[in-house]
Amino acid sequence: MRLLASVTIALIAILGTTTSTGAASTVDHQAWSQSQPVATFVPKANEIYVAMTASLEEARSFVHIGTAGLSAADLQGATLVLKEASGDELQPATAGIAACALAAPFTGDGQLHGGIPAADCTLRTDVSRDQAGNWTVELGIFADRWAGGVNNGIVLFPESASQTTAFRVAFDTSLTAFQGAAVAPAQPPADANEPAATGISAAIGAPEPAAPFQPNGVFSASATPPTASAAPAVGSPSPSSTSFSRARPTSVGLTAPLQGPSTTGSSLITMTVFAVGALIVGGSLRTRRRRDSMVGASAGSRVATGVPLPIVIGALALLLVPLVTRDAVLFKIGVVLVFFVAAIGLHILVNWVGQLSLAHAAMVGIPAFATLTVSSGTGISPVYLLPLAVILGAMVGAFVALPTLRAKDLQVALVTLVAGIGLDRFFFAQTWLVGGAGGRASATPSLGPLRFTTTHSLYPVLALITMGAVAAAWMLMHSKLARAWALLRADPNVAAAFGIPVVKYRIAAYAVGGSFAGLAGGLTVMWIQRLGQNAFPDTLSFSYLLMAVLAGPGFLGGLAAATAMLQGGQQFAANIFGGGAGKVVDTILTYGGPLALIMVIARYQEGFNGLGRRLMPRIRALKLIGREEGEPDPGEAISLSLLVGATLIVAGFVTIALAWHHISRTNQLWVQNQEILSGGVVGLGLILIGVGLFIRDRLARNHVLLARQLERLMGPSSAAAAMGGDIEVVDGKDDADGLRSQNVDFVAVPPALESVTPTNGRRRRARVAG
Amino acid sequence: MSAVVLNGFFVGLIYGLLGVGIVVVYRGSRVVNFAYGETGMLGAFVFADLRFGSGASALAHDHGLWLALPVGVAVSAALGALTEVLVVRPLRDAPRIRPLVGTFAVGALFFIFAARRWGLNSHFSAPLTRGKGIELVGLQVQPEQILVLVVSALALAGLWALYRFSAFGLRLRATALDPYAAGLVGVDVDRTSMATWALAGALSGISAILIAPLVAFNVAFMTTLSIRGLAAAVVGGLTNVGGAFTAGLLLGITEAVIAFKSPVSGVTDVAIAGFVVALLVVRPSGLARSAY
């Protein structure tokens with residue numbers, strides 16, 4: 001709507017001079033005040049100012065409107081147009097201005113010294129600027145309040161989230177005009193110059209006013225304060241965007257209805273083609289014998305072949321999910337996937353190479369905006385531009401790497417932080433790159449003859465590219481590069497002594513991280529298709545860091561878990577838990593992210609991946625009797641029945657809770673009865689079965705332990721044989737490069753000896769007691 | 001032009017003051033404190049609630065300056081100490097990068113709390129001082145700015161005296177140089193480190209309360225500013241209080257001049273970022289001599 005409106009308003013502004021001269025008289029007071037005590041400019045009498053220096057508000061303006069004889073309905077479509085007084089301005093094109101309601105009466109003019117009226121920003125809207133320097137405020141949201149006749153004015157102030165840190169906009173008070181509602185009913189913009197006018201605009205621009213005062217969505221999973229619910233719609237994938245849900249209520253800017261035969265057809269075709277491709281890739285990975293990797297802390301000690309089961313399951317789930325989801329949900333899933341791909345880049349840097357980057361938002365954002373610019377300018381499908389995004393990302397990564405080469409750990413953080421902020425603030429303030437205040441829209445994604453106009457048709461592309469990224473990371477982890485990085489992470493000096501060109505590999509690390517980030521940038525454009533200039537605030541880097549650190553060293557499982565928890569939780573809190581509960585969950589998630597980070601940093605440094613490494617062997621050991629070597633003791637293994645039992649009990653309680661919830665929401669007796677039967681009884685049944693499984697498990701477990709003790713008592717000779725069992729240490733064959741020396745395979749280690757094997761790590765030593 | 005420079009000087013004063021706090025923490029525990037701004041911000045909001053609050057809660061009323069000011073500063077000091085306990089103490093022997101990320105997380109926590117408690121809009125905080133101020137080269141210098149100048153000078157002198165003459169300062173320096181050795185000769189390392197963080201927290205709180213009336217007083221105001229403060233501290237070499245302060249002043253002036261002259265947006269940030277990066281690469285220890 002905002003876009004429609006702003007186009008209309010531009011028309012109005014052009015026509016305005018002739019049509020509405022009479023209406024201008026309703027603006028009866030215009031004033032401004034200096035927010036900082038000192039000004040960097042000399043004010044003029046017939047001008048009012050909105051200005052910002054060094055990200056801090058320098059001046060704000062007040063406009064009072066005489067609404068005598070105007071009803072709320074009259075105000076509904078009304079606008080206020082302010083004209084810039086050029087010559088007294090500083091970078092007005094990149095300025096961001098917001099308008100709030102007045103909270104106190106005012107009657108002043110010119111510069112106010114003291115007696116500055118307060119603003120009430122529960123009513124706020126963005127002020128949009130056109131090329132000619134006209135700023136337009138839509139007054140609709142103020143209508144109800146003003147109809148009462150009090151405090152009918154607005155406060156104009158600089159948005160703290162503006163990308164420029166310094167600007168000054170001067171308005172010529174003689175040209176300020178109030179436009180009545182007469183021209184308001186907007187005609188659809190038939191203007192072909194507006195690339196967004198393809199329906200995307202209607203879908204995305206709709207519930208917008210971008211939240212102005214939101215300070216860049218600071219701090220990741222967080223900063224979605226209750227007030228910001230009308231948040232930055234223009235598809236910023238910033239963590240703060242609850243906006244996605246609102247920005248696209250139904251579909252990704254779809255021109256065609258979902259069930260159109262062409263779109264479902266193309267969706268099916270692409271899905272099949274990509275699925276076959278994925279199977280081939282997966283198959284080749286599976287047959288390829290896995291070389292031990294040094295990336296995971298302890299993963300290297302167990303030799304496995306092929307792709308692990310979780311990855312296969314994850315891939316299947318990814319492909320199947322569109323069959324059971326609505327467009328809006330699928331869109332959010334896609335957003336989480338894009339986040340995940342971006343986080344892979346930082347995960348590699350942080351957890352594989354041991355480097356840090358606080359410039360990740362720039363690494364994602366610059367390729368994204370470059371892709372967007374090219375796509376919107378030439379009409380090329382963003383899918384084809386993904387390679388460009390990858391290359392650009394790698395270049396930005398390598399650029400960030402340069403100053404880190406000479407720096408050591410602390411300085412690396414500072415250098416990347418500063419470089420990131422610099423890149424971010426510079427590039428994302430350039431209108432040639434990020435477009436104007438309304439952002440830019442990309443061309444419709446297409447691939448060959450297929451045009452993806454719906455979320456469902458586009459999703460397979462995203463899912464398969466994501467899987468491709470995972471596969472690439474998998475190959476990377478088992479490459480020479482990753483082994484060298486592992487050594488680099490352990491000790492750069494030792495790595496250098498072993499002949500690893502440290503500088504080269506470090507730059508490579510940043511370039512690789514950057515290329516994943518670049519891919520994610522390209523995917524952002526492909527998926528969201530419209531970005532505003534605040535889409536990648538520099539604080540976004542912190543979200544990525546949060547995810548990478550939470551993931552911990554290892555492959556991408558932990559990262560997927562971290563992303564799903566933080567970003568997925570953020571996106572879906574309201575969906576999963578309903579409106580009221582969504583807020584609670586949102587609170588838990590926003591505080592939980594940083595808290596978990598502190599925990600991981602301070603206490604449990606292996607992150608989700610470490611957790612997975614501890615849990616997986618236990619879950620795998622489903623057999624109770626006939627335990628084999630290397631499997632954990634049944635005393636601590638998680639058996640299938642235990643797992644199922646626990647799940648059933650939880651499910652039972654959830655069922656009962658849901659039944660109660662529904663019962664309390666209805667006064668229909670038959671519904672209540674039904675709920676009691678289906679919810680209550682079934683829930684109780686589930687709990688009973690679960691408890692039964694628990695008991696069965698306990699009994700079986702005791703049985704095994706008893707049998708074992710008996711065995712030990714009866715046959716000391718067999719125990720001795722076990723103690724004398726051979727320890728076969730299989731060393732790496734080519735020890736010369738020193739890289740495989742840690743790849744020690746322990747074959748047939750009797751349980752009793754695990755405690756004394758020196759390289760076995762804490763986990764096994766703790767098990768002596770069992 | 002001289003007005004622009006003078007304006008930059010007073011903005012730089014703020015950067016310098018914040019840079020000094022970051023240096024105090026770094027000298028004390030070798031940790032770059034990314035939660036520094038948020039620590040002070042919370043104190044300033046508590047102060048504003050107690051002084052100018054008009055909310056429904058019993059706390060948000062005017063309790064007088066002499067209650068509000070100490071409480072606000074104490075809150076910041078306590079939060080500083082809390083940061084030490086949460087992330088610095090457990091990570092004393094870890095690589096320096098870990099506590100840094102930890103302070104990031106603590107800052108996020110503080111910020112989230114503030115954003116939920118006070119929202120993201122600007123609040124109003126009246127200056128601590130009254131009067132018309134003085135007129136200098138065409139600029140009206142507010143009394144609050146002069147107060148910032150005075151407090152900065154006092155802070156610098158106080159810190160210098162603390163490090164130079166007091167037993168506490170000696171313990172601080174010893175702990176910073178080598179916590180293990182300091183512990184061996186009988187310094188209570190934990191307490192000293194906590195005291196440093198509390199001191200820095202208090203400094204942050206005072207700075208925030210002083211600065212709040214000069215800027216758009218929202219929950220992000222210290223975050224934005226303390227990044228500049230950090231730049232000042234880095235340029236000053238992270239261990240040199242005077243160096244950081246001077247660097248902050250220069251930063252403010254440079255910024256004002258560039259912003260005034262430059263026709264292209266975003267150039268200020270790039271220029272400063274470029275300079276800091278280049279400096280870190282060429283001379284990692286900063287411009288000023290490191291001091292202990």
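How many salt bridges does the structure hold over all chains? The count is 7, and this is a predicted model. The close-up views below visit some of these pairs, along with the nonpolar cores and two helices.

**View 1. The side chains of D49(B) and R117(B) meet in a salt bridge.** Here the N to O distance is 3.2 Å. D49(B) belongs to helix α2 (residues 36–52) of chain B and R117(B) to helix α4 (residues 97–118) of chain B, so this pair ties together parts that are 68 residues apart in sequence. Are the two partners buried or exposed, or something in between? D49(B) counts as buried, with 17% relative accessibility, and R117(B) counts as partly exposed, at 42%.

**View 2. E84(B), R89(B), R92(B) and D190(B) are linked in a network of salt bridges.** Take a look at one of the pairs in it: R89(B) and E84(B) form a salt bridge in which the closest N and O atoms are 3.1 Å apart. R89(B) has 27% relative accessibility and counts as partly exposed. Its partner E84(B) counts as buried, at 0% relative accessibility.

**View 3. E255(B) and R228(B) form a salt bridge.** The closest N and O atoms of this pair are 1.9 Å apart in the model. Which helices do the partners come from? E255(B) sits in helix α10 (residues 241–261) of chain B and R228(B) in helix α9 (residues 221–235) of chain B, so the pair ties together parts that are 27 residues apart in sequence. Both ends of this bridge are buried: E255(B) has a relative accessible area of 5%, and R228(B) has one of 7%.

**View 4. W485(A) and F221(B) touch the most other members of the largest nonpolar core.** This core has 206 residues. Its largest share, 20 residues, comes from helix α8 (residues 327–353) of chain A. A second, separate core of 34 residues includes I65(A), A95(A), I97(A) and V127(A). As background, nonpolar side chains tend to be buried together in soluble globular proteins.

**View 5. A closer look at W485(A) shows which residues it touches.** Leaving aside residues up to four places away in sequence, W485(A) touches I348(A), W352(A) and V353(A), and also L476(A). The list continues with Y505(A), A508(A), A509(A) and V512(A).

**View 6. T196(B) is a buried residue in a helix of chain B.** The helix is α8 (residues 189–211) of chain B. How much relative accessible area does T196(B) have? The value is 0%, so T196(B) is buried, given that buried means under 20%. Not counting residues up to four places away in sequence, T196(B) touches V24(B), G28(B), F168(B) and L172(B).

**View 7. Helix α17 of chain A is largely enclosed by the rest of the structure, because 12 of its 12 residues are buried.** Among the buried residues are L540(A), F542(A), Y544(A), M547(A) and V549(A), and the list also includes S541(A) and S543(A). The helix covers residues 540–551, and at 1.5 Å a residue it should span 16 Å; its end C-alpha atoms are 17 Å apart, which agrees. What follows α17(A)? The next residue is G552(A), whose phi is positive, near 80°.

Terms used: Residues are numbered from 1 along each chain as its sequence is written. Chains are lettered from A and ligands numbered from 1 in the order in which they are written. This is a predicted model: local features need pLDDT of at least 70, side-chain atom pairs count only at pLDDT 80 or more; totals for chains, interfaces and linings use all residues. Side-chain values use heavy atoms; hydrogens and water are left out. A nonpolar core is a set of buried Ala, Val, Leu, Ile, Met, Phe, Trp, Tyr and Cys residues joined through side-chain atoms within 4.5 Å. Buried means under 20% relative accessible area, exposed over 50%, partly exposed in between (1.4 Å probe, protein chains only). Helices (H or I, at least four residues) and strands (E, at least two) are DSSP runs, numbered from the N terminus. Contact means heavy atoms within 4.5 Å. A salt bridge is a side-chain nitrogen of Lys or Arg within 4 Å of a carboxyl oxygen of Asp or Glu. The expected span of a helix is 1.5 Å times one less than its number of residues.
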